[in-house]
Every structure is written in structure tokens, then in C-alpha cells.
Amino acid sequence: MLHAVLRAATEGETHNPVLPATYDIVWSAVCFAIILVFFWLYALPRMQKLLDERAEAIEGNIAKADEAQRKAEAALEEYTAQLADARAEAGKIRETAREDGKKIVAEAKEQASTEAARINASAQAQIEAERQTALVSLRSEVGTIAIDLASGVVGESLSDDAKAKAVVDRFLADLEASEQAAAGGKK
């Protein structure tokens with residue numbers, strides 16, 4: 001087989017099957033040139049314009065997103081600052097309220113203490129006055145009862161003050177004498 005191929009190659013060098021004919025190459029080159037010019041003049045500029053518009057839109061959206069991000073960060077910082085101020089102010093208000101509450105409680109305790117002292121002093125004065133009144137009343141009643149009893153024991157009327165005094169003195173002397181006699185009998 002190798003011999004047959006060599007013989008055919010030496011006998012006819014007329015036509016190469018890999019290489020097309022010359023007219024096919026020329027017409028293919030003309031068509032390629034027309035298509036190349038069409039793409040170069042019409043399709044590529046439109047495609048480039050479309051890609052440029054798309055790139056500008058993307059860059060514009062990126063710029064808008066960056067601006068929105070900066071605004072959001074600024075708003076967050078402002079919000080954080082306002083929140084910190086509000087917390088500080090709330091702390092001050094709570095502290096002021098605590099101090100005011102302590103003052104109010106202290107004033108209320110002081111007023112209650114003062115009122116209790118006043119009520120206690122008033123009660124003590126009233127008790128002392130009632131005690132004095134009761135003591136005076138008891139003395140007069142005890143004196144009257146003692147004179148009435150002494151009148152019953154002695155058998156005479158003690159309506160006269162001098163007489164009543166003499167009877168009471170005599171009664172006290174008899175009482176002392178009986179106490180001394182009872183004390184002497186026990187020894």
C-alpha cells in the first residue's frame with residue numbers, strides 16, 4: 001500500500017485536496033471583508049455603546065449605594081448619639097427623682113416626728129391636768145368620806161371645821177397608839 005501511495009504522488013501532482021480552489025478563497029475573503037466592515041462600522045459601536053451605558057448604570061448604582069450606605073451610617077451614628085444622650089438624661093432624671101424622693105421621705109419623717117412629739121406633749125399635758133383634777137377631786141371626796149365615817153364612829157356631827165379637825169386629830173392619835181401597842185406585843 002505504501003508503494004501505491006508513492007506512485008500516485010509521483011505521477012500526479014496536480015491537485016491538493018486540503019487546499020481549496022482559488023476562486024473559493026477569493027469569494028470567501030470578499031464575504032469576510034464585507035462582514036468585517038459591517039461589524040466594525042455598525043455592530044461593534046452599538047455593542048460598545050450598550051456596554052458603556054450598562055457600565056455607567058452599574059457605576060451610578062454603585063455610587064448611589066455608596067451614598068445610601070454613608071447616609072445610613074451617618075443616621076446610625078446620629079441615632080446612637082441621641083440614644084446615648086437619652087440614656088444619660090434618663091439617668092439624670094432617675095437620680096434627681098431618687099434625691100427628691102429621699103428629700104420628700106426625710107421631710108415626711110421630720111413632719112411625722114414633729115407631729116408625734118407635739119401629740120405626745122399634748123397628751124402628757126392633758127394626762128397631767130387630768131391627774132391633778134383627779135387628785136383634787138379624790139382629796140375632797142376622801143376628806144368628805146373620812147369625816148362621814150368618823151362621824152358615824154364617834155357618834156357626833158362633824159360639820160364644824162374646828163370640831164372636824166379635832167376629831168381627825170384624835171382619830172389619828174388613837175390610830176398611832178393602837179399601832180404602837182400592836183408593835184410592842186409582837187416583840
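Hi everyone. Let me begin with a definition: a residue is called buried when its relative accessible area is under 20%, exposed when it is over 50%, and partly exposed in between. Take Arg-131 as our example: its relative accessible area is 47%, so Arg-131 is partly exposed. We'll meet that label again several times.

Before we go on, please keep in mind that this is a predicted model. How confident is the predictor? The mean pLDDT of the protein chain is 83, and 78% of its residues reach 70 or more. Confidence is highest in helix α2, at a mean of 90, and lowest in helix α1, residues 2–11, at 58. Where pLDDT is low, the predicted coordinates should not be read in detail. For that reason I'll spend my time on helix α2, where the mean is 90.

Now the overall layout. How many helices and strands are there? The protein chain has three helices and zero strands, so reading from the N terminus you get α-α-α. Helix α2 covers residues 22–154. Of the 187 residues in the chain, buried ones make up 3%. The chain exposes about 16,700 Å², and carbon and sulfur atoms supply 63% of that area.

Let's move to the part of helix α2 that UniProt has something to say about. The UniProt record, an unreviewed entry, places the feature "transmembrane region" at residues 25–44. What does the model show there? Over residues 25–44 the chain is 100% helix and 0% strand, with the end C-alpha atoms 26 Å apart.

This is also where we find a nonpolar surface patch. It measures about 1,100 Å² and is made by Phe-32, Ile-35, Leu-36, Val-37, Phe-38, Phe-39, Trp-40, Leu-41, Tyr-42 and Leu-44. Leu-36, one of these patch residues, lies in helix α2. Is Leu-36 buried or exposed? Neither, quite: with a relative accessible area of 44%, Leu-36 is partly exposed.

Three of the patch residues deserve a second look. Phe-38, Phe-39 and Tyr-42 form one aromatic cluster. A pair of aromatic rings is described by the distance of the centres and the angle of the planes. The model has two aromatic pairs. In one of them, the rings of Phe-38 and Phe-39 have centres 5.9 Å apart and planes at 80°, so the pair is edge-to-face. In the other, the rings of Phe-38 and Tyr-42 have centres 5.7 Å apart and planes at 40°, so that pair is tilted. Phe-38 and Tyr-42 sit four residues apart in helix α2, which is about one turn of the helix. And how accessible are the cluster residues? Phe-38 is partly exposed at 46% relative accessibility, Phe-39 is partly exposed at 43%, and Tyr-42 is partly exposed at 49%.

Further along helix α2, we turn to charged side chains. How many salt bridges does a search of the whole structure find? The total is four, and I'll walk you through some of them.

Let's start with Arg-98 and Glu-95. Their side chains meet in a salt bridge, at 3.5 Å from N to O. Why are they about one helical turn apart? Because Arg-98 and Glu-95 are three residues apart in helix α2. Arg-98 is partly exposed, at 48% relative accessible area, and Glu-95 is partly exposed too, at 38%.

Next come Arg-118 and Glu-115. The closest N and O atoms of this salt bridge are 2.4 Å apart. Here as well, the two residues lie three apart in helix α2, about one turn of the helix. Glu-115 has a relative accessible area of 36%, so it is partly exposed.

Finally, we come back to Arg-131, where we started. Which residue does Arg-131 meet in a salt bridge? Its partner is Glu-128, at 3.1 Å from N to O. Glu-128 and Arg-131 both lie in helix α2, three residues apart, about one turn of the helix. Glu-128 counts as partly exposed at 38% relative accessibility, alongside Arg-131 at 47%.

To wrap up, there are two things to look for when you open the model. One is the aromatic cluster of Phe-38, Phe-39 and Tyr-42. The other is the set of salt bridges, including the one between Glu-128 and Arg-131. Thanks for listening!

Methods: Residues are numbered from 1 along each chain as its sequence is written. Side-chain values use heavy atoms; hydrogens and water are left out. Patches are made of residues with over 30% relative accessible area and no salt bridge: like charges are joined within 9 Å, nonpolar side chains (Val, Leu, Ile, Met, Phe, Trp, Tyr) within 5 Å. Accessible areas come from the Shrake-Rupley method with a 1.4 Å probe; for residues, only the protein chains shown count as cover. Buried means under 20% relative accessible area, exposed over 50%, partly exposed in between (1.4 Å probe, protein chains only). UniProt positions are given in the numbering used here, feature names are shortened, and annotations may be inferred rather than shown by experiment. Rings of Phe, Tyr and Trp (its six-membered ring) pair if their centres lie within 6.5 Å; planes under 30 degrees apart count as stacked, over 60 as edge-to-face and the rest as tilted. pLDDT is the predictor's confidence in each residue, from 0 to 100.
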